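Please look through the sequence and the three-dimensional structure shown here before reading on. The paragraphs below are meant to be read with both of them in view.

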Amino acid sequence: MITLWELKGKDGRRYSMFSWRTKMALKHKGLDFESQPVLMSDKAAIAFSGGKTVPIVRDGERVVRDSWQIAEYLEDRYADRPSLFGGAIGRGMAQAFNTWADRTLLALLMPVIVADLYERVDPGDDAYFRRQFEGFLQSTLEEARSRRAEFAKRLDRQLEAWQAVLKRQPFVCGAAPAYGDYILFSLFQWARIASPQDIIAAGTPLDQWRGRMLELYDGFARNVPTA
């Protein structure tokens, strides 16, 4: 059995977007796993990995951390199972998309939902979360909330390209989902778990794609505690 370390929030929420990439990759590969939830601030609990962040997986004696490194490990270790990348070229494209999502889309989405997320993290992480995220934002969480409409407009402009892509094809990766879909989906699942506001307009291609993603693997991503 593979063990996955991921962040825990209030009332059973599992809100780490990077862990969602790993969970969807594990489901894609048809691999069973058990979850080990930890506090964001509890670095001692994951010190065995040699790092300070989740996700982390242990597969037998092998320990792998970082969602991208885990995806590559799963692809290579379980090459006989459905591919996450569809070959070397697809792997390179997925890595490029992964970098863009982390450096561009995440930065636009974070200020839209971060104040809502703060209300749903485990109480043991309250002080740590505020310190970390206010450092990222260079503002208080309350100031970010007051500017949410402005931040949401910037996010919408960036998402226009994905509305166009998903108008032409059912998934980011084409006819069927693969790791590129899990990268993009992880951000929207993070928002869905963190915030009661819906950042995707109903009925749009992006909304329809998210619906398809939520139904994958017997509704795995839909049937979780959300905001």
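What follows is a walk through selected helices, loops and a pocket.

The model is a predicted one, and the values quoted below were computed from it. A suitable place to begin is helix α3, which spans residues 88-118 and so contains 31 residues by the DSSP assignment. The C-alpha atoms at the two ends of α3 are only 39 Å apart, which falls short of the 45 Å that a straight helix would reach at 1.5 Å a residue. The course of the helix axis is also described by a bend of about 50°, located at Val112. Arg103 belongs to α3 as well, and its relative accessible area of 70% makes Arg103 exposed, because the cut-off for that class is over 50%. If Arg103 is set beside Arg192, the two are 89 residues apart in sequence, while their C-alpha atoms are 20 Å apart in space.

Helix α3 leads on to the largest pocket, since α3 gives the most to its lining, with five residues. The elements that give two or more residues to this lining are α1, covering residues 17-29, together with α3 and α4, the last of these covering residues 126-137. The pocket has a volume of about 620 Å³, and its lining is made up of 27 residues. Those that lie nearest the centre of the pocket are Leu7, Phe18, Met40, Thr53 and Val54. Which classes of residue make up the lining of the largest pocket? There are 17 nonpolar residues in the lining, accompanied by five polar and five charged ones.

Val54, one of the residues nearest the centre of the pocket, also takes part in a notable piece of backbone geometry. The peptide bond that joins Val54 to Pro55 is cis, with omega at about 10°. Pro55 is found in the loop between β2 and β3, the latter strand being residues 56-59. Gly51 has its place in the loop between β2 and β3 too, and with a relative accessible area of 11% Gly51 is buried, because this value is under the 20% cut-off. When neighbours within four places in sequence are left aside, the contacts of Gly51 are with Ile46 and Arg65. Gly51 and Asp66 are 15 residues apart along the chain, and the distance between their C-alpha atoms is 8.9 Å.

Another loop, the one between α1 and β2, holds Leu31, with β2 itself running over residues 33-38. Is Leu31 buried or exposed? Leu31 is buried, because its relative accessible area of 10% is under the 20% cut-off. Not counting residues up to four places away in sequence, Leu31 touches Ile2, Leu26, Leu74, Tyr78 and Arg81. By contrast with these contacts, Leu31 and Ser146 are 43 Å apart from C-alpha to C-alpha, with their positions 115 residues apart in sequence.

The C-terminal part of the walk begins with helix α8, residues 205-219. This helix has 15 residues and reaches 19 Å from its first C-alpha to its last, which is close to the 21 Å expected at 1.5 Å a residue. The buried residues of α8 are Leu206, Asp207, Trp209, Arg210, Met213, Leu214, Leu216 and Gly219. An α-helix has 3.6 residues a turn, so residues three or four places apart point the same way. The elements against which the buried residues of α8 pack are α1, α6 (148-168) and α7 (179-194).

Two other residues of α8 deserve attention for their backbone angles. Tyr217, which is in α8, has a phi near 55°, a positive value in a residue other than glycine. Asp218, also found in α8, has a positive phi of about 60° although it is not a glycine. As for accessibility, Tyr217 counts as partly exposed because its 27% lies between the cut-offs of 20% and 50%, whereas Asp218, with a relative accessible area of 77%, is exposed.

The segment after α8 contains Thr226, which counts as partly exposed at 28% relative accessibility. Leaving aside neighbours within four places in sequence, Thr226 is in contact with Arg13, Arg192 and Ile193. Thr226 and Thr22 are 204 residues apart in sequence, and their C-alpha atoms are 19 Å apart in space.

How values were computed: Residues numbered from 1 in each chain as written. Predicted model: local features only at pLDDT ≥ 70, side-chain atom pairs only at ≥ 80, totals over all residues. Heavy atoms only, no water. Helix = DSSP H or I, 4+ residues; strand = E, 2+ residues; numbered from the N terminus. Expected span 1.5 Å × (residues − 1). Bend = angle between axes of the 7 residues up to and from the residue. 1 Å grid on protein atoms, 1.4 Å probe; cavity = no way out; pocket = protein on both sides within 12 Å on 5 of 7 lines; lining within 4 Å. Points joined across faces, edges and corners; volume = space filled by probe spheres on them. Nonpolar A, V, L, I, M, F, W, Y, C, P; charged D, E, K, R; others polar. Buried < 20%, exposed > 50% of the residue type's maximum accessible area, 1.4 Å probe, protein only. Contact = heavy atoms within 4.5 Å.
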